[in-house]
Amino acid sequence: MNTILKTLFAAWFATMAAACALLSPFDGEQDVKRAGRAALAAYEALQQAALIYGRLQPCAPEAPRVVICREGSVWRRIKESEARATAALTQAIAVFEGARDEGEVARALEAIEAMRDAIGSAQRSLPGGAP
Amino acid sequence: MNASAVLALLREIAANLPPAITTGLQVIQLVNDAYLDLQEAFEERAVPAGEIEALVKRIVANSAAIQAIE
């Protein structure tokens, strides 16, 4: 299961990177919408990683770490970054629908990057996780 | 990761769910849906009216579910 989770996290990282690449300069309303759709779908996939991690049993400090569990500090960081990213994305929706970008997309990407980093902490907290 | 690899991964998860994940099947469904949406999102087809709004609604719902976990 640990390997599966790590593989899933890696897949989400790859899709997020692809989505962010799509948000480089775009021309025309449909390009903006397609980029927005890709970013939102990729972010939704990232939320699934958070949901899976969140549904693990909390780690018990007195018990040996032989099971996959959820670190409280990591989970708090995920929740905080997720709330910020969703708020930032909500602010950017109008841009994805064709409104003028006044920095909303950049702020959303920055917030998503912070959440990606928090998910990376979750990956590293798993037994045998990435360094 | 291509679609068949994703499906293989999801099947492996279904076969190896630990008891700790009490709502595993629901989570798998969410993951599966997310990947299908992702696949569509990277396609070149036009974005129909309301699709962005529907995505946002799901993201807000996911956010509420995440924030509800203590």
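Tutor: Accessible areas here come from the Shrake-Rupley method with a 1.4 Å probe. The model is a predicted one.

Student: What percentage of the area that chain B exposes do carbon and sulfur atoms supply?

Tutor: Chain B exposes about 4,000 Å². Of this area, the share from carbon and sulfur atoms is 59%.

Student: Which secondary structure elements does chain B have, in order from the N terminus?

Tutor: Chain B has zero strands and three helices. Read from the N terminus, the order is therefore α-α-α.

Student: How is the one aromatic pair in the whole structure classed: stacked, edge-to-face or tilted?

Tutor: A pair of aromatic rings is described by the distance of the centres and the angle of the planes. For Y53(A) and W75(A), the centres are 6.4 Å apart and the planes are at 45°. Planes under 30 degrees apart count as stacked and those over 60 as edge-to-face, so this pair is tilted.

Student: How many residues apart in sequence are the parts that this pair ties together?

Tutor: Y53(A) lies in helix α2 of chain A, residues 28-54. W75(A) lies in helix α3 of chain A, residues 72-96, so the parts tied together are apart by 22 residues.

Student: Is W75(A) buried or exposed?

Tutor: Buried means under 20% relative accessible area. W75(A) has 2% relative accessibility, so W75(A) is buried.

Student: Which helix gives the largest share of the largest nonpolar core?

Tutor: This core has 36 residues. Helices α2, α3 and α4 of chain A and α3 of chain B each supply at least two of its residues. The largest share is ten residues, and it comes from α3(A).

Key. Residues are numbered from 1 along each chain as its sequence is written. Chains are lettered from A and ligands numbered from 1 in the order in which they are written. This is a predicted model: local features need pLDDT of at least 70, side-chain atom pairs count only at pLDDT 80 or more; totals for chains, interfaces and linings use all residues. Side-chain values use heavy atoms; hydrogens and water are left out. Helices (H or I, at least four residues) and strands (E, at least two) are DSSP runs, numbered from the N terminus. Rings of Phe, Tyr and Trp (its six-membered ring) pair if their centres lie within 6.5 Å; planes under 30 degrees apart count as stacked, over 60 as edge-to-face and the rest as tilted. Buried means under 20% relative accessible area, exposed over 50%, partly exposed in between (1.4 Å probe, protein chains only). A nonpolar core is a set of buried Ala, Val, Leu, Ile, Met, Phe, Trp, Tyr and Cys residues joined through side-chain atoms within 4.5 Å.
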